[in-house]
Amino acid sequence: MSTLGAYFRLARVGWVLMREGVIESLPAEGLPPMVAFGKSAASLLARRRSKSQQRSDRLAKAVARLGPSYVKIGQFLATRPDVVGADLAEDLAGLQDRMDFFPIEASRAAIEGSLGRPVEELFTRLDPPVAAASIAQVHPGEVITADGPRKVAVKVIRPGVRRRFSADLEAMYLVAWLQERFLPHTRRLRPVEVTRALEQTTKVEMDLRLEAAALSEIAENTKDDPGFRVPAVDWERTGRDVVTMEWIDGIKMSNVEALKAAGHDLDALADTLIQSFLRHTLRDGFFHADMHPGNLFVDPTGMIVAVDMGISGRLGKKERRFLAEILYGFITRDYVRVAEVHFEAGYVPSHHNVASFAQAIRAIGEPIHGQPAETISMGRLLTLLFEVTELFEMETRPELVMLQKTMVVVEGVARILNPRFNMWKAADPVVSKWIRDNLGPRRIATDLKDGVKAAVRLAEALPEIATKTEKLHSELMHMSENGLRFDPETAEAIGKAEARHTRWGRLALWIIAAALVAIAIQMG
């Protein structure tokens, strides 16, 4: 975080955001005086033509200048409205993940390097790319199977994207570290942990074998589900830098007129979409976390096909129970139970009052019951809930925020298909079944079964635990008698590292300041 390169990259990002008017367009309410002054100063450096544009347009221009990795960073932050705010998250969600194509020769080299075989041996045909994003691009291809030629989609990683993202991530870590250090009230959002989640998510997305594994897992989970599936993976032609899958001939869900012309029942598609998402979430604890209309197709049989599983989310049993009880509590107006669930899950610190928290929950729930069912948004409900929990020091739960964001997107797609979509009616069969199976007598049996398994595992581990405890006790006794000491080399290394950190940090700040002054003089 303290490397000179990270400071320079951060300075470049700041300069681009200032020039494109992004910083100028951010809200000033609640900013510390020095930050508000810096925002006002930044407006003087914005391009004149950008001042009449919407903030989303300014963001798009800035990200296009910064490069592909910042598209991915922006899209990730769009899933974290708790960190960047709802309005900015909405703007970031609109970032277009359509990048320039890279040469087919680079794709061929990546395929051969990843699979260790010539392209001609793997495919009878590999056509020019038809879609390109920040991480990869997609080529139509053809393979020979026992049933004859079969068209496939070949997704190939973008050259150099891992190295570029790793460098840009250093600047992100620096921002997170500065935020935690100088803005104490934002520590609740755990910005360094958010950046670490971004790093992990993108590393997974850049290993196309893991996307193939996600497709395979969700295909297995949904093999008996009505109206939903994912493309089949060709594992023989899949590696770290390439994934080959079934080519989907269908209509994108964003093309409503084409869906109507093909004779599809849009109301039924909307119901199937939300029910499928809730099954994946509650039943399986594993869901497609990027279900925007461009990633959803309807095939000629009326089946919804979800593609691009680069981003997925997982929920444990506790989180699934938490979600179901919250939804059920709002439906039955049992706000005390909703509050108790938060405390039982450990999401709200125990020093707060359950009754006071239930009062805040009531402020969200009561207005909903006076509205027609088709106007109530489950995604909006969860958004309001997370806003209220901030008042009660609820720490950020990344898995729940990703769920909430995905639910907002899926519900939005359903309302595109059916403007009078009744979220509660569509969700009821799935949610009710899950509640019957998991919050009734079956829950007790399942909990007892899990408890027995945990006890058996503990019994098996007892000898090892006893050995480690004895060793720890011996080491503690030795330290209490002789003290904790560093050897001379360790103490000297710590001193040198600390001195180097301070020296480089000061030097970097002076260089950045000088560079910005020089740029300002040149622009003048």
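A residue is called buried here when its relative accessible area is under 20%, exposed when that area is over 50%, and partly exposed in between. The exercises below apply this to a predicted model.

**Exercise 1. Determine which residues of helix H20 are buried, and check whether the helix has the expected span.**

Step 1. The buried residues of H20 are Met-423, Trp-424, Ala-426, Ala-427, Val-430, Val-431, Trp-434, Ile-435 and Asp-437.

Step 2. For the span, H20 runs over residues 423–438, and its 16 residues, at 1.5 Å a residue, should cover 22 Å. The C-alpha atoms at the two ends are 22 Å apart, which agrees with that expectation.

Step 3. The axis of H20 should also be examined along its course, where a bend of about 40° is found at Pro-429.

Step 4. At the start of the helix, a side-chain oxygen of Asn-422 comes to within 2.9 Å of the backbone nitrogen of Lys-425.

**Exercise 2. Find the aromatic pairs, classify their geometry, and state which parts of the chain they link.**

Step 1. A pair of aromatic rings is described by the distance of the centres and the angle of the planes. Rings are paired if their centres lie within 6.5 Å, and planes over 60 degrees apart count as edge-to-face. By this rule there are 2 aromatic pairs.

Step 2. One of them joins Phe-277 and Phe-287, whose centres are 5.8 Å apart with 80° between the planes, so the pair is edge-to-face. This pair links distant parts of the chain, since Phe-277 belongs to helix H14 (residues 266–284) and Phe-287 to strand E9 (residues 286–288), 10 residues apart.

Step 3. Phe-277 counts as buried because its relative accessibility is 0%, and Phe-287 is likewise buried, with a relative accessible area of 0%.

Step 4. Phe-343 and Phe-357 also form an edge-to-face pair, at 5.9 Å centre to centre and with 80° between the planes. Phe-343 lies in helix H16 (residues 335–344) and Phe-357 in helix H17 (residues 354–369), so this pair ties together parts that are 14 residues apart in sequence. Both Phe-343 and Phe-357 are buried.

**Exercise 3. Place Phe-277 within the largest nonpolar core, and list what it touches.**

Step 1. The largest nonpolar core holds 104 residues, and those touching the most other members are Met-253, Leu-273, Phe-277, Leu-278, Leu-296, Phe-330 and Phe-357.

Step 2. When residues up to four places away in sequence are not counted, Phe-277 touches Phe-287, His-288, Met-291, Leu-403, Thr-406, Met-407 and Val-410.

Step 3. A second, separate core has 12 residues, including Ala-110, Ile-111, Val-143 and Val-152.

**Exercise 4. Decide how far helix H16 is covered, and describe what follows it.**

Step 1. Of the 10 residues of H16, 7 are buried, and the helix is therefore mostly covered under the 20% cut-off.

Step 2. The buried residues are Tyr-335, Arg-337, Val-338, Ala-339, Val-341, His-342 and Phe-343.

Step 3. After H16 comes Gly-346, which has a positive phi, near 80°.

**Exercise 5. Compare the surroundings of Asp-241 and Asp-308: is each residue buried or partly exposed?**

Step 1. Asp-241 sits in the loop between strand E6 (233–239) and strand E7 (242–246), whereas Asp-308 is found in the loop between strand E11 (304–306) and strand E12 (312–314).

Step 2. Asp-241 has 14% relative accessibility and therefore counts as buried, while Asp-308, at 24%, counts as partly exposed.

Step 3. The side chains of Asp-241 and Arg-162 are joined by a polar contact of 2.7 Å. Leaving aside neighbours within four places in sequence, the contacts of Asp-241 are Ala-110, Ser-114, Lys-155, Val-156, Ile-157, Arg-162 and Leu-208.

Step 4. For Asp-308 the backbone deserves attention, as its phi is positive, about 60°, although the residue is not a glycine.

**Exercise 6. Classify Thr-195 and Val-408 by accessibility.**

Step 1. Thr-195 is in helix H11 (residues 191–205), and at 3% relative accessibility it counts as buried. Beyond its neighbours within four places in sequence, Thr-195 is in contact with Leu-169, Met-172, Tyr-173 and Ala-176.

Step 2. Val-408 lies in helix H19 (residues 398–417), and at 33% relative accessibility Val-408 counts as partly exposed. Its C-alpha atom is separated by 9.7 Å from that of Leu-381, 27 residues apart along the chain.

Conventions. Residues numbered from 1 in each chain as written. Predicted model: local features only at pLDDT ≥ 70, side-chain atom pairs only at ≥ 80, totals over all residues. Heavy atoms only, no water. Helix = DSSP H or I, 4+ residues; strand = E, 2+ residues; numbered from the N terminus. Expected span 1.5 Å × (residues − 1). Bend = angle between axes of the 7 residues up to and from the residue. Buried < 20%, exposed > 50% of the residue type's maximum accessible area, 1.4 Å probe, protein only. Polar contact = N/O pair within 3.5 Å; in protein donor to acceptor, adjacent residues only side chain to side chain. Phe/Tyr/Trp six-rings, centres within 6.5 Å; stacked < 30°, edge-to-face > 60°. Core = buried A, V, L, I, M, F, W, Y, C linked by side-chain atoms within 4.5 Å. Contact = heavy atoms within 4.5 Å.
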